[in-house]
Amino acid sequence: MFKKITLFIFAALTLTDVQAKVKLPHIICDNMILQQKAETRLWGWDKPGKNVLVYVSWSKSKYKVTTDLNGRWLVKVKTPVASYTPLSITFNDGESTTIHNIYSGEVWVCGGQSNMEFPVKGFNNCPNKDYNETVVNASTVHGIYYVKIPSVMSMTPLDDADCKWEQIDINTVSDCSAVGYAFAQVIHKALHIPVGLILANKGGTRVESWLDKDNLKKYTQEPLDSIDMARKFSWDYLRPLLWGNGTFHPILNYTVKGILFYQGSSNVGDPGNQYSERMKLLAEQWRRDFKEGDIPFYFVQIAPYTEGDGNDGISGALLREQQLRAMDIIPNSDLVCTNDLVYPYEYSQIHPCQKEPVGERLAFIALSHNYGIKNIISDSPRYKNMTISNDSCYIRLQNNEGGYSRYEDIEGFEVAGADKIFHKAKASHYWVPGNDQKNETIVVTSSEVQHPVAVRYCFRNFQLGNLKNGGMLPLFPFRTDKW
C-alpha cells in the first residue's frame with residue numbers, strides 16, 4: 001500500500017513538473033523564419049502567474065513576461081535584419097527550453113483553397129508542370145522554409161496546430177505549395193535573404209469558410225450551428241467558420257509580412273457584389289487579427305474553367321469580375337491574372353498545371369510594391385474606357401507598361417449590338433501619330449455587327465486571350481456592358 005502511495009505521489013509531482021515547463025505552440029520551433037526588423041510575437045503557456053524569461057542569441061536584451069490566469073503568455077522581441085546567420089531563442093521559467101537553427105527573413109502566409117494548397121508534386125490526375133526539374137533544382141536552394149498547417153475543422157478557434165518548419169531541399173520540396181514555392185524562389189533570388197512560408201489552406205473552401213463567427217453572424221445568413229452546417233453542406237469543405245477556426249486561427253499570433261490568397265472557385269454563382277464585399281471583410285479581419293496594420297493582401301484570379309453552365313457561360317467570368325472589384329475596394333491589395341496560364345485541353349481541369357508563373361507574378365507584385373524594386377512590371381493591363389465610331393469600338397487600357405505585346409492575331413474579343421448577341425471580333429493595334437504610349441488603343445470590329453454597343457474580352461467561363469502588356473502580363477477579362 002505504501003509503495004502505491006509513493007508511486008502516486010511521484011507521478012503527481014512528475015506531472016506538475018511537466019505542466020510547469022514552458023509550452024510553446026508547434027509553429028515556434030527549430031528551423032522557423034522570423035519576420036526581420038520587426039517586433040515579432042512569441043507566445044505559449046505555463047502555470048498561471050509564472051514568470052517566463054526569454055533570451056535571444058542576437059541581442060543582450062532579456063524579455064520577461066508573466067502568465068495570465070489561464071496560463072497564457074505573449075512577448076514581443078525585436079528581430080535583426082535578415083541574414084543566413086543561425087539564431088536561437090531560450091525560454092526559461094526555472095527550466096530552459098531552447099529552439100535552434102532559426103533565421104531572420106521575410107514571412108508570407110499562403111491561404112485559400114486547392115490551387116494554393118496544390119503541392120509541387122501535384123494532386124492525383126493533376127500534375128504540376130516541370131515537376132522533376134523543380135525537384136532537382138531544389139538541391140541548390142538554401143534559405144527557403146515552409147510550415148504546413150494541417151487542414152482541421154473546429155467550432156471554436158484553436159490556438160495550436162500540429163506542425164513543424166521544413167527547410168526546402170530535394171527531399172522536402174514536393175510537399176510545399178507550388179505557388180508559394182515559386183513566389184519564395186523569386187523573392188529569395190532577388191533579395192538574397194531567407195524566406196518563410198506559412199501554408200494555411202484547404203481545398204474547396206469558400207470565402208465564408210475563413211470568416212470568423214462575429215463577421216458571419218453580422219454580415220451573412222450562414223448557419224453557425226454544426227448540425228445546420230452539416231444539413232446545408234454535405235461537403236465539409238464548403239462549411240463556414242470551421243476552417244478559419246481550425247486551420248488559420250493557430251497562426252494569428254505569428255508576425256508576418258503579408259498574405260497571398262488563391263480562392264474563389266467555390267463561390268462561383270454568388271449574387272451581385274457579395275463575393276467582393278466578403279473578400280474585403282476577410283482582408284480586414286485578418287489584418288485586425290495579425291495586428292500589423294494594413295499588411296499586403298495579394299490574391300489570384302481564378303483560371304478559366306468550364307463551370308456548371310458550360311464553356312460559354314459567364315458564371316466564372318462574373319466571379320473574376322468580382323475579384324477585380326475586390327482589388328479596387330481593398331487597400332494595399334493586388335490581383336494576379338491567370339487567363340493565359342491554362343492550356344486549351346484544360347477546360348475541365350480545376351487545377352491547371354502551370355503554377356510557377358502564378359507564384360512568380362505574386363512575387364513581382366511584392367518586389368514592386370514592398371521591396372523597392374521599381375523597374376519590375378507587376379500589374380496586368382485592364383479596361384479603362386471605350387468610344388464607338390460607326391462600326392468600330394476603340395478600347396483604351398491602363399497599365400500598358402510600354403505598349404501591347406502583339407500587333408496581329410489578337411484573340412479573345414467579342415462585340416454585340418442592341419440585340420445583346422456577341423460575335424467573335426477582329427482586334428488590332430490602333431495608334432495615332434503624336435500620341436504617347438498611354439493613349440495607344442485597340443480597335444475592335446465585327447462584320448456581323450454594324451452598330452456595336454458593347455465589347456467583351458474573354459468574358460466566358462473558358463475563353464483564352466493572348467493580349468498582354470509590355471511586361472508580358474495578360475489583359476484582365478472584362479465587359480463594357482452590365483447585361
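These are my notebook entries on the cores, cysteines and salt bridges of a predicted model.

**Nonpolar cores**

I looked up the largest nonpolar core first and found 70 residues in it, with Ile27 and Ile198 having the most contacts inside it. I then checked which element gives the most to this core: it is helix 8, residues 274–290, with seven residues.

I listed what isoleucine 198 touches, leaving out residues up to four places away in sequence. Its contacts include Ile27, Val107, Val109, Cys110, Val147, Ile149 and Trp165. Ile251, Tyr254 and Val256 are also among them. I noted a second, separate core of 40 residues, which includes Trp108, Ile144, Ala178 and Tyr262.

**Cysteines**

I searched for disulfides and found zero. Why does cysteine 163 not bond to the closest cysteine sulfur? That sulfur, in cysteine 29, is 6.6 Å from the sulfur of cysteine 163, which is too far for a bond. The cut-off I applied is 2.5 Å between the sulfur atoms. Cysteine 163 counts as buried because its relative accessibility is 10%, and the limit for buried is under 20%.

I also checked cysteine 176, which is in no disulfide; the nearest cysteine sulfur belongs to cysteine 110 and is 7.1 Å away. Cysteine 176 has 0% relative accessibility, so I entered it as buried.

**Salt bridges**

I recorded 25 salt bridges in the structure and looked up three pairs and a network.

Lysine 121 and aspartate 175 meet through their side chains at 2.7 Å, N to O. The pair links distant parts of the chain, 54 residues apart. Lysine 121 is in the loop between helix 2 (114–117) and helix 3 (131–137), and aspartate 175 is in the loop between strand 9 (165–167) and helix 4 (178–191). Are these two buried or partly exposed? Lysine 121 is partly exposed at 47%, and aspartate 175 is partly exposed at 41%.

Glutamate 222 and arginine 278 form a salt bridge at 4.0 Å, N to O. I placed glutamate 222 in the loop between helix 5 (213–219) and helix 6 (226–232), and arginine 278 in helix 8, 56 residues apart. Glutamate 222 counts as buried at 11% relative accessibility; arginine 278 counts as buried at 11%.

Arginine 361 and aspartate 340 form a salt bridge at 2.8 Å, N to O. Arginine 361 lies in helix 10 (residues 356–370) and aspartate 340 in the loop between strand 13 (333–336) and helix 10, so the pair ties together parts 21 residues apart in sequence. Arginine 361 is buried at 10% relative accessibility, and aspartate 340 is buried at 18%.

Last, I traced a network in which salt bridges with shared partners join Glu321, Arg456, Arg479, Asp481 and Lys482.

How values were computed:
Residues numbered from 1 in each chain as written. Predicted model: local features only at pLDDT ≥ 70, side-chain atom pairs only at ≥ 80, totals over all residues. Heavy atoms only, no water. Core = buried A, V, L, I, M, F, W, Y, C linked by side-chain atoms within 4.5 Å. Buried < 20%, exposed > 50% of the residue type's maximum accessible area, 1.4 Å probe, protein only. Helix = DSSP H or I, 4+ residues; strand = E, 2+ residues; numbered from the N terminus. Contact = heavy atoms within 4.5 Å.
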